[in-house]
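Trainee: Got a minute to go through a model with me? I'd like to start with charge and then move to the sheet.
Mentor: Sure, put it up.

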Amino acid sequence: MPGAGFYAIHTAKLRFRSDGRWYADGEPVVHPRLARLFSRYLRPKPGGGYEIWIDERYHADVEVEDTPYVVTSVTVAAPGHITIELNDGTAEPLDTASLSVGEADVLYCRVKRGSARARFLRPAYYQLAGFIEEAAPGRFEFRCGSTVHSIASSER
């Protein structure tokens, strides 16, 4: 029964913050399965913004602070073969060409076949940091085996 999470959270305001956590009326959603349910059913609204949509009975508007996805972990199986895990429980190959750096030196990449942007949480960033080198002052590159990509400054 996927709608059960809405019975557990009686709220006027759901928010997905840049720290990768869900909040209901300012309080963290601490149950991991409930947070995963929310992440799995989060989608863009046709008119802008986001909502959790399970079906006609179970839906709610959501304020997304930065990105709808965050990278929670990184696995390097072999040079050039890197898998990322996202907050919705999915895993996919890292598109190293899509790496970019935003405000406060936050690392981002494109996910979901390039259709969405994901923010690296600090633990995932540290798993990837060993492959990032400063090519010139203020300019960085990602190097893993024979794979080399410049890391661009990101645009929101």
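Trainee: How far apart are the mean positions of the positive and negative charges of the protein chain?
Mentor: They are 3 Å apart, for 19 positive and 20 negative charges. Lys and Arg count as positive, Asp and Glu as negative, and His and the chain ends are not counted. Each charge is placed at NZ of Lys, CZ of Arg, CG of Asp or CD of Glu.

Trainee: What should I know about the model itself?
Mentor: It is a predicted model: local features need pLDDT of at least 70, side-chain atom pairs count only at pLDDT 80 or more, and totals for chains, interfaces and linings use all residues. Residues are numbered from 1 along each chain as its sequence is written, and side-chain values use heavy atoms, with hydrogens and water left out.

Trainee: How many helices and strands does the protein chain have?
Mentor: Three helices and 15 strands. Both are DSSP runs numbered from the N terminus: helices are H or I with at least four residues, strands are E with at least two.

Trainee: And what share of the residues is buried?
Mentor: 38% of the 156 residues. Buried means under 20% relative accessible area, exposed over 50%, and partly exposed in between, with a 1.4 Å probe and protein chains only.

Trainee: On to the sheet. What is the strand order?
Mentor: It runs β9-β8-β7-β12-β11-β10-β15-β14-β13, an open sheet of nine strands with mixed pairing. Two strands pair if DSSP finds at least two bridges between them.

Trainee: Which strands stand at the edges?
Mentor: β9 (91-93) and β13 (132-136). Each has a single partner strand, so one side of each has no neighbour in the sheet.

Trainee: Is β12 enclosed or open?
Mentor: Residues 116-120 form β12, and five of the five are buried, so the strand is largely enclosed by the rest of the structure. Ala116, Ala118 and Phe120 lie on one side, with Arg117 and Arg119 on the other. So both arginines are in that buried set.

Trainee: Which way do β7 and β11 run against β12?
Mentor: β7 (residues 69-78) runs parallel to β12, joined by three bridges. Val70 stands opposite Arg119 there. β11 pairs with β12 in the antiparallel sense over four bridges, and Cys109 stands opposite Ala118. In the hairpin of β11 and β12, four residues sit between the strands, and Lys112 takes a positive phi near 55°.

Trainee: You mentioned Cys109. How many disulfides are there?
Mentor: Zero, where a disulfide is a pair of cysteine sulfur atoms within 2.5 Å. Cys109 is in none; its nearest cysteine sulfur, that of Cys144, is 15 Å away.

Trainee: Why is there no bond from Cys144?
Mentor: Because the closest cysteine sulfur, in Cys109, is 15 Å off, too far for a bond.

Trainee: Are those two cysteines buried or exposed?
Mentor: Cys109 is buried at 1% relative accessibility. Cys144 is buried too, with a relative accessible area of 3%.

Trainee: Last bit: what does β10 pair with?
Mentor: β10 (residues 100-101) is joined to β11 (residues 107-111) by two bridges, antiparallel. β10 also pairs with β15 (residues 147-153), parallel, over two bridges. Ser100 has Tyr108 as its bridge partner in β11 and stands opposite Ala152 in β15.

Trainee: Where does β14 fit?
Mentor: β14 (residues 139-144) pairs antiparallel with β15 over five bridges. Glu141 stands opposite Ser150. Their hairpin has two residues between the strands, and Gly145 takes a positive phi near 65°.
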